[in-house]
Amino acid sequence: MSTDVRRADAPVVVIGPMGAGKSSVGKRVAKALGVPFTDTDRVIVREHGPIPGIFADRGEPAFRALEAQAVRAALATGGVIAVGGGAVTHADTRQALGGARIVLLTVSPEAVADRIAGSDRPLLANGGIDAWQTIMDERAATYAELAHVVVDTSRRPMSRVVDEVVTWLRSDAGTSERGGTTERGGTTERGGTAAPGSTTAPGSTTTSTTSTEGAP
């Protein structure tokens, strides 16, 4: 359970399953706050080459180690950081996230299906949406343990998702220890635990949040 007291200037880390919109939302949140944005997937690609190639040539453990390094470097820079869906599976990465403000983006299988269609993500290569669901189920408990706030992105306007994240970050809840659960629209605030996909704002089915993420 995460019950740390978070500083107002602590880095913001956006976590969640593949296709939840972490990079797209994170970039816009950073712009709204006037702080740097880092997409660790892009850092890895820039420094080590395409992610599918790393998986094929060196395997997932090697990729996760590179990812952990990228996350630590990004945390040192600060601002808003979007990490790959599986980053939280690595112990070094989880340890590095201590003290950060962690936003979990969730998405329903129905909403994510179009987003991952034709994806080159290595872990989805042979399974599509079924593989996505299996991976999501395996990671759900870890996401919940780490998250300080949960925002669902299923077929909701990106502007609304970004506004909810920014509002939370600027609130007292975004920088202090909390107990219990507060639900507000598509946002769920929890004092240490979160149920992925537990809330969806009513009447928010007009525009889906897009995703440009690459790592599984």
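These legends go with a set of close-up views of a predicted model.

**View 1. Helix α7 and its bend.**
Let's start with helix α7, which covers residues 128–146. How far apart should the ends of its 19 residues be, at 1.5 Å a residue? The expected span is 27 Å, and the end C-alpha atoms sit 26 Å apart, which agrees. The helix isn't perfectly straight, though: α7 bends by about 45° at Arg139. Arg139 is also one of the buried residues of α7, along with Ala131, Trp132, Ile135, Met136, Tyr143, Ala144 and Leu146.

**View 2. Glu138, one helix residue that looks outward.**
Still in helix α7, find Glu138. Is Glu138 buried or exposed? Its relative accessible area is 60%, and that is over the 50% cut-off, so Glu138 counts as exposed. Now look for Thr89: it is 49 residues away from Glu138 along the chain, yet the two C-alpha atoms are separated by 9.6 Å.

**View 3. Arg155 and its positive phi.**
Next comes the loop between β5 (149–152) and α8 (158–170), where you'll find Arg155. Most residues other than glycine have a negative phi. What about Arg155? Its phi is positive, about 50°, even though Arg155 is not a glycine. With a relative accessible area of 33%, Arg155 is partly exposed.

**View 4. Helix α8 and its buried residues.**
Helix α8 has 13 residues. From first C-alpha to last, α8 reaches 18 Å, close to the 18 Å you'd expect at 1.5 Å a residue. Which residues of α8 are buried? They are Met158, Val161, Val162, Glu164, Val165, Val166, Trp168 and Leu169. Keep an eye on Glu164, since it comes back in the next view.

**View 5. Glu164 and its two arginine partners.**
Side chains of opposite charge can pair when their charged atoms come close. Glu164 gives you two examples to look at. One is its salt bridge with Arg156, at 2.7 Å from N to O. The other is with Arg160, where the closest N and O atoms are 3.7 Å apart. Glu164 and Arg160 both belong to helix α8 and are four residues apart, about one turn of the helix. How accessible are these residues? Glu164 counts as buried at 10% relative accessibility, and Arg156 counts as buried at 0%. Arg160, on the other hand, is partly exposed at 33%.

**View 6. Other salt bridges.**
How many salt bridges does the structure hold? There are five. Here, Arg42 pairs with Asp39, and their closest N and O atoms are 3.6 Å apart. The two partners sit in contrasting surroundings: Arg42 counts as exposed at 51% relative accessibility, while Asp39 is buried, with a relative accessible area of 6%. Elsewhere, Glu60, Arg64 and Glu67 are linked in a network of salt bridges.

**View 7. Helices α2 and α4 crossing.**
Two packed helices are described by the angle between their axes and the distance between the axes. Try that here with helix α2 (residues 40–48) and helix α4 (residues 60–77): they pack at an angle of about 115°, with their axes 9 Å apart. That makes α2 roughly perpendicular to α4. As for handedness, α2 passes α4 in a right-handed crossing.

**View 8. Lys22 and a partner far along the chain.**
Lys22 lies in helix α1, which covers residues 22–33. Is Lys22 buried or exposed? At 1% relative accessibility, Lys22 falls under the 20% cut-off, so it counts as buried. Follow the chain to Val103 and you'll have moved 81 residues in sequence, but in space Lys22 and Val103 are 9.3 Å apart, C-alpha to C-alpha.

**View 9. Ser171 meets Ala8.**
To finish, go to the loop between α8 and β6 (181–184), the place of Ser171. Ser171 is partly exposed, with a relative accessible area of 23%. What separates Ser171 from Ala8 in sequence and in space? Along the chain they are 163 residues apart, and their C-alpha atoms are separated by 9.3 Å.

Technical notes:
Residues numbered from 1 in each chain as written. Predicted model: local features only at pLDDT ≥ 70, side-chain atom pairs only at ≥ 80, totals over all residues. Heavy atoms only, no water. Helix = DSSP H or I, 4+ residues; strand = E, 2+ residues; numbered from the N terminus. Expected span 1.5 Å × (residues − 1). Bend = angle between axes of the 7 residues up to and from the residue. Buried < 20%, exposed > 50% of the residue type's maximum accessible area, 1.4 Å probe, protein only. Salt bridge = Lys/Arg side-chain N within 4 Å of Asp/Glu carboxyl O. Axes fitted to C-alpha atoms, helices over the stretch in contact; angles between N-to-C directions. Parallel < 35°, antiparallel > 145°, perpendicular 65-115°, else oblique. Left-handed = near helix turned anticlockwise from the far one by under 90°.
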